[in-house]
Amino acid sequence: LRTPLTALRLRLENLQARASSADADELEAAIDETVRLGALVNDLLQLARADQSHVVEDTDLAAVTAGRVDMWVAVADAKDVRLELSGADQPVLVAAVPGALEQILDNVLDNAINATPSGSLVTISVERGTAQHVLRISDQGPGLSDEDKAHAVGRFWRGTTGGSGTGLGLAIASALATASGGDLTLGDASGHGLAVTLSLRPADSS
């Protein structure tokens, strides 16, 4: 599906370059739709991979978290949202599917930054435990009702506000957490907002 979608987008962009102003606007809407479909294809591919059986490996939760937070700072700055990371100054080894932590962090940070009002804060904490290590991401957005929390990790759930997402971000994150032998839960952030908690077993107990 990726190849024909890419070809379609290129054809539309070539037509747009030669079109009148009115037609160019119509073509822009069609191009936007190919971008949305491309994102959906990528998300479905991630979800299909997460549903397969995987072998876990030792992964430094702290290092991966610090790296992904650093990558998302520019996006947060553009929305006037501050990212605050704690607990990532020492290695925290967990058992995880290769690449899973990066995908989980990208999906959850994207949601958190978009949900958080301008001038507010998203907190990211890495917490070392005995039976499990925890990554917690909390935003200062409107949060979710208990009913919506139960549905939010389902596939294609987009809530009442709609938006341009595919509704698969949290479903992918949850599936990757499960594939890694952990779990992903949604709760209320301190004050208001949503807290997403990823729990994984320590690498030395895998």
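This passage walks through the sheet of a predicted model, the helices that lie on it and the nonpolar core.

A good place to begin is the sheet. Five strands form an open sheet in the order β2-β4-β5-β7-β6, and their pairing is mixed. The edge positions belong to β2 (82–86) and β6; each has a single partner strand, so one side of each is left without a neighbour in the sheet. From one strand to the next, the twist averages 15°. Within the sheet, six bridges join β5 and β7, which pair in the antiparallel sense. Here V134 can be found opposite S199 in β7.

Helices come next. The helix α3 packs on the sheet, where it touches β2, β4 and β5, and its direction makes about 170° with that of β2. Another helix, α6, lies across β6 and β7 and runs at about 130° to β6.

With these elements in place, the nonpolar core is easier to follow. The largest such core has 39 residues, among which L83, L101, I104, I124 and I137 touch the most other members. At least two residues of this core come from each of α3 (61–78), β3 (93–96), α4 (100–115), β4 (121–127), β5 (133–138), α6 (169–179), β6 (183–188) and β7 (194–200). The helix α4 gives the most, with eight residues.

I124 offers a closer view of these surroundings. Leaving aside residues up to four places away in sequence, I124 touches T65, V69, L83, E84, L85, S86, L109, L135, R136 and I137. Two of these contacts, L83 and I137, are themselves listed with I124 among the core residues that touch the most other members.

Conventions. Residues numbered from 1 in each chain as written. Predicted model: local features only at pLDDT ≥ 70, side-chain atom pairs only at ≥ 80, totals over all residues. Heavy atoms only, no water. Core = buried A, V, L, I, M, F, W, Y, C linked by side-chain atoms within 4.5 Å. Buried < 20%, exposed > 50% of the residue type's maximum accessible area, 1.4 Å probe, protein only. Helix = DSSP H or I, 4+ residues; strand = E, 2+ residues; numbered from the N terminus. Contact = heavy atoms within 4.5 Å. Pairing = 2+ DSSP bridges. Axes fitted to C-alpha atoms, helices over the stretch in contact; angles between N-to-C directions.
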